[in-house]
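Colleague: I have the chain open on my screen and would like to go through it with you. Could you take my questions as they come?

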Amino acid sequence: MSNIEANNDTKSRLALLLQVACEQFQVAQKLATGELQVIATSNSTSQHLSSRTSSIAQMALAKEFLFNARRAYRLVEQGKGKLNLGPVLKYGIRKSVEV
């Protein structure tokens with residue numbers, strides 16, 4: 001694989017990670033604001049679990065968002081010279097995973 005192909009592959013992976021992370025964040029945000037709801041089916045076995053389902057889904061999405069944002073950050077750090085990303089994008093990725 002040539003350097004150009006490797007660079008394009010790295011950029012594609014970064015774009016996919018950021019796209020998935022953004023989608024996860026948007027869904028988690030919609031759950032938090034009530035714009036999106038998780039509804040249990042009528043054959044749900046546990047009423048207690050169904051009352052917590054939305055919070056559980058929101059937490060899972062938040063964790064996945066952080067995981068994918070962190071993976072994107074590592075990709076940026078490992079490919080510093082190859083990716084030619086602007087400082088605004090690098091800063092945005094770094095800020096998304098800062099604790």
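Colleague: What pattern does the chain follow, read along the sequence?
Modeller: Read from start to end, the chain follows the pattern α-α-α-α, with 4 helices and 0 strands. Please keep in mind throughout that this is a predicted model.

Colleague: How much of the chain is buried, in percent of its residues?
Modeller: Of the 99 residues in the chain, 21% are buried. The accessible surface comes to about 7,300 Å², and carbon and sulfur atoms account for 56% of that surface.

Colleague: And what share of the contacts with a separation of 6 or more is between residues 24 or more positions apart?
Modeller: That share is 67%, counted over the contacts in the chain with a separation of 6 or more.

Colleague: Let's turn to the core. Which residues are in the largest nonpolar one?
Modeller: The largest nonpolar core has 9 residues, namely Leu 14, Leu 17, Ala 72, Tyr 73, Leu 75, Val 76, Leu 83, Leu 85 and Ile 93. Two or more of its residues come from each of the elements H1 and H2, and H2 provides the largest share, with 4 residues.

Colleague: Take Val 76 from that list. Is Val 76 buried or exposed?
Modeller: Val 76, which lies in helix H2, has a relative accessible area of 4% and is therefore buried, since the cut-off for that term is under 20%.

Colleague: What does Val 76 touch, not counting residues up to four places away in sequence?
Modeller: With those set aside, Val 76 touches Leu 14, Leu 83, Leu 85, Lys 90 and Ile 93. For Lys 90, which is 14 residues from Val 76 along the chain, the separation between the two C-alpha atoms is 7.3 Å.

Colleague: Changing topic, where is Gln 24 placed?
Modeller: Gln 24 is in helix H1, which covers residues 3-33, and with a relative accessible area of 13% this glutamine is buried.

Colleague: A buried glutamine, then. What does the side chain of Gln 24 join in a polar contact?
Modeller: The side chain of Gln 24 is joined to the side chain of Asn 68 by a polar contact of 3.1 Å. In addition, the Gln 24 side chain reaches the backbone nitrogen of Phe 65 at 3.4 Å. If you leave out residues up to four places away in sequence, Gln 24 touches Leu 61, Glu 64, Phe 65 and Asn 68.

Colleague: Now the partner: is Asn 68 buried or exposed?
Modeller: Asn 68 sits in helix H2 and counts as buried, because its relative accessibility is 5%. Apart from its neighbours within four places in sequence, Asn 68 is in contact with Leu 17, Val 20, Ala 21 and Gln 24.

Colleague: You mentioned Phe 65 a moment ago. How many aromatic pairs does the count come to?
Modeller: The count comes to 1 aromatic pair. Phe 25 and Phe 65 form that pair, which is tilted, with 5.3 Å from centre to centre and 50° between the planes.

Colleague: Which parts does the pair tie together?
Modeller: Phe 25 lies in helix H1 and Phe 65 in helix H2, which spans residues 47-78, so the pair ties together parts that are 40 residues apart in sequence.

Colleague: Are the two rings' residues buried or exposed?
Modeller: Phe 65 counts as buried at 17% relative accessibility, whereas Phe 25 counts as partly exposed at 42%.

Colleague: One more on H2: where does Leu 66 lie, and how far is its C-alpha atom from that of Ala 21?
Modeller: Leu 66 lies in helix H2 and is partly exposed, with a relative accessible area of 46%. The C-alpha atoms of Leu 66 and Ala 21 are separated by 7.5 Å, although the two are 45 residues apart along the chain.

Colleague: And Arg 52, what is its place?
Modeller: Arg 52 is also placed in helix H2, where a relative accessible area of 40% makes this arginine partly exposed. Arg 52 and Val 38 are 14 residues apart in sequence, and their C-alpha atoms are 9.6 Å apart in space.

Note on methods: Residues are numbered from 1 along each chain as its sequence is written. This is a predicted model: local features need pLDDT of at least 70, side-chain atom pairs count only at pLDDT 80 or more; totals for chains, interfaces and linings use all residues. Side-chain values use heavy atoms; hydrogens and water are left out. Buried means under 20% relative accessible area, exposed over 50%, partly exposed in between (1.4 Å probe, protein chains only). A polar contact is a pair of N or O atoms within 3.5 Å; within protein, one must be able to donate a hydrogen and the other to accept it, and residues adjacent in sequence count only if both atoms are side-chain atoms. Contact means heavy atoms within 4.5 Å. Rings of Phe, Tyr and Trp (its six-membered ring) pair if their centres lie within 6.5 Å; planes under 30 degrees apart count as stacked, over 60 as edge-to-face and the rest as tilted. Accessible areas come from the Shrake-Rupley method with a 1.4 Å probe; for residues, only the protein chains shown count as cover. A nonpolar core is a set of buried Ala, Val, Leu, Ile, Met, Phe, Trp, Tyr and Cys residues joined through side-chain atoms within 4.5 Å.
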